[in-house]
Amino acid sequence: MALNYRAPKGMKDNVGSQQEELEEIFRLSSDLFRLHGYMMISTPILEPAGLFTRTIGEASDIVKKEMYSFEDRGGEVLALRPEGTAPIMRAYLEGGLKSRGLPQKLFYYGPMFRRERPQAGRYRQFHQVGAEVLGSDSPLADAEIISISAKLFGALGVQDYTLLLNSLGCRKCQKDYLAILCPYLEEVKEDLCEQCLVRARQSPLRIFDCKEASCQDALSHAPMIVDFLCEGCGRHFSELQEYLDLMGINYRVEPLLARGLDYYSRTAFEYQFDELGAKSTVSAGGRYDYLAEELGGSPTPGVGFSLGVERLLILLRSRGKTPLKAYGLDVYVAPASASYKKAALLILERLRSAKIRSDTDFLDRSLKAQMRAADRLGAKLVLIVGEEERQRNVVVLRDLAGKKQWEIPVEDIEREVNNFLERKRVDDGDG
Ligand code: ATP
Ligand code: MG
């Protein structure tokens with residue numbers, strides 16, 4: 001069939017269990033965030049484009065190639081948000097959240113948009129869960145932010161991550177470092193890709209985020225920022241490591257780890273899993289102590305992370321560990337013929353009032369066809385409403401898996417169904 005419209009490239013429909021899986025990751029992480037004292041926040045999908053160009057950096061991949069921006073009918077330039085941190089900082093400053101007490105610990109979930117080349121684990125609309133601690137520069141906040149992904153991976157049974165950690169220093173360390181790095185980049189410029197040549201001029205620190213093998217080779221002997229940390233940044237970094245050690249979180253200091261966004265300072269980290277290859281990073285974040293000032297606000301330190309939900313699900317699926325609950329139907333109510341439709345409707349409504357998941361036929365199908373439909377829906381029971389209903393005030397319950405059926409009095413329906421479901425839960429061993 002030649003359809004007139006398809007979903008935009010790199011964007012997809014999540015049907016049934018696909019969406020349930022996304023939601024389940026959100027539920028699990030929300031529980032974890034609340035357990036750590038975080039409050040939920042949601043911000044608009046659209047923001048002034050400048051919020052991102054200014055903070056993520058003009059030379060970043062996101063701003064140069066990936067951002068969806070457009071002029072609306074009033075001439076305002078808006079962008080579909082490519083990430084969640086700058087909007088949350090904007091909301092914090094705009095809403096004066098500081099007055100609620102510091103630090104503000106916020107978490108979010110939602111779609112992000114980047115016009116990348118679509119491939120497995122890389123979409124143009126994808127979901128992130130993430131959190132930010134605003135108003136504290138303590139390495140304790142960095143440690144907590146880092147620990148949450150580790151706990152989520154633990155809860156999902158995928159603990160074999162590699163946690164890479166680095167410090168990008170503050171403005172002072174970065175200035176000292178750039179004085180050495182820039183001449184080095186000049187020396188190796190023959191080996192750098194075109195984009196890195198631009199980065200070398202516009203935001204040299206981000207050059208380490210390049211994925212080209214030739215660039216990575218050329219940079220493998222570059223001077224490293226960790227060797228240039230000022231006293232304050234050095235202490236911050238070592239305290240963070242002490243906290244992570246205390247929390248039993250394994251990490252590797254990776255002096256070449258950089259992030260693709262301009263606003264990071266001090267802590268940067270990434271959680272990687274081997275089998276995801278070039279898309280190996282599932283969760284990443286860091287500290288952004290200058291972001292608030294970039295937005296015209298008063299200095300506000302912050303640290304946060306975001307986790308790519310689709311990438312996490314790809315990993316979980318590849319290991320047969322998707323966190324899916326059973327949302328199947330309990331009861332399919334089947335009128336034996338059209339004349340019992342009203343009696344069936346009343347029973348259906350009673351079941352739903354009793355919080356029993358139930359459904360019925362909407363296509364005037366034969367009883368046999370309804371049995372097939374019930375089976376397809378994974379119903380545990382079929383409740384047949386027929387002549388006996390009227391004559392003796394009973395209905396028939398049919399156990400689809402056990403291939404048994406029996407009669408029950410109409411007034412006992414809820415109790416009988418619940419008893420059956422309870423027995424089944426015990427037999428199936430899911431408590
Ligand atoms: P990458 O280096 O893979 O491009 P990134 O550094 O651009 O990732 P971040 O901006 O740190 O990614 O976003 C945090 C997380 O969001 C990533 O670790 C990843 O799990 C997820 N993510 C980023 N871009 C995409 C995308 N296009 N599709 C799916 N998930 C994504
Ligand atoms: Mg990217």
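The paragraphs below describe the surroundings of ligand 1 and then a small part of the fold, a sheet of three strands, in what is a predicted model.

Around ligand 1 there are 16 residues, among which Arg114, Glu116, Tyr123, Lys211 and Arg259 come nearest. By residue type, this shell divides into four nonpolar, six polar and six charged members. Oxygen atoms of the ligand take part in several polar contacts: a backbone N or O atom of Thr281 lies 3.1 Å from one such oxygen, a polar backbone atom of Val282 is likewise 3.1 Å from an oxygen atom of ligand 1, and Arg311 places a polar side-chain atom 3.0 Å from an oxygen atom of the ligand. Of the 590 Å² of accessible area that ligand 1 has on its own, the protein covers 94%. The elements that give two or more residues to the shell are β6 (125-134), β10 (281-287) and β11 (302-308), and β10 provides the largest share, with four residues.

Elsewhere in the description, attention turns to the sheet. Strands of a sheet pair through backbone hydrogen bonds, in either a parallel or an antiparallel manner. Here three strands form an open sheet in the order β2-β4-β3, with antiparallel pairing, and its edge strands, β2 (46-48) and β3 (69-71), each pair on one side only. Neighbouring strands of this sheet are turned against each other by 35 degrees on average, direction ignored. Between β2 and β4 (residues 77-80) there are three bridges, and Glu47 has Ala79 in β4 as its bridge partner. Helix α2 (residues 49-56) packs on the sheet and touches β2, β3 and β4, its direction making about 70 degrees with that of β2.

Methods. Residues are numbered from 1 along each chain as its sequence is written. Chains are lettered from A and ligands numbered from 1 in the order in which they are written. This is a predicted model: local features need pLDDT of at least 70, side-chain atom pairs count only at pLDDT 80 or more; totals for chains, interfaces and linings use all residues. Side-chain values use heavy atoms; hydrogens and water are left out. A residue is near a molecule or strand if one of its heavy atoms lies within 4 Å of it. A polar contact is a pair of N or O atoms within 3.5 Å; within protein, one must be able to donate a hydrogen and the other to accept it, and residues adjacent in sequence count only if both atoms are side-chain atoms. Accessible areas come from the Shrake-Rupley method with a 1.4 Å probe; for residues, only the protein chains shown count as cover. Ala, Val, Leu, Ile, Met, Phe, Trp, Tyr, Cys and Pro count as nonpolar, Asp, Glu, Lys and Arg as charged, and the others, Gly among them, as polar. Two strands pair if DSSP finds at least two bridges between them. Axes are lines fitted to C-alpha atoms, for helices over the stretch in contact, and angles run from 0 to 180 degrees between N-to-C directions. Contact means heavy atoms within 4.5 Å.
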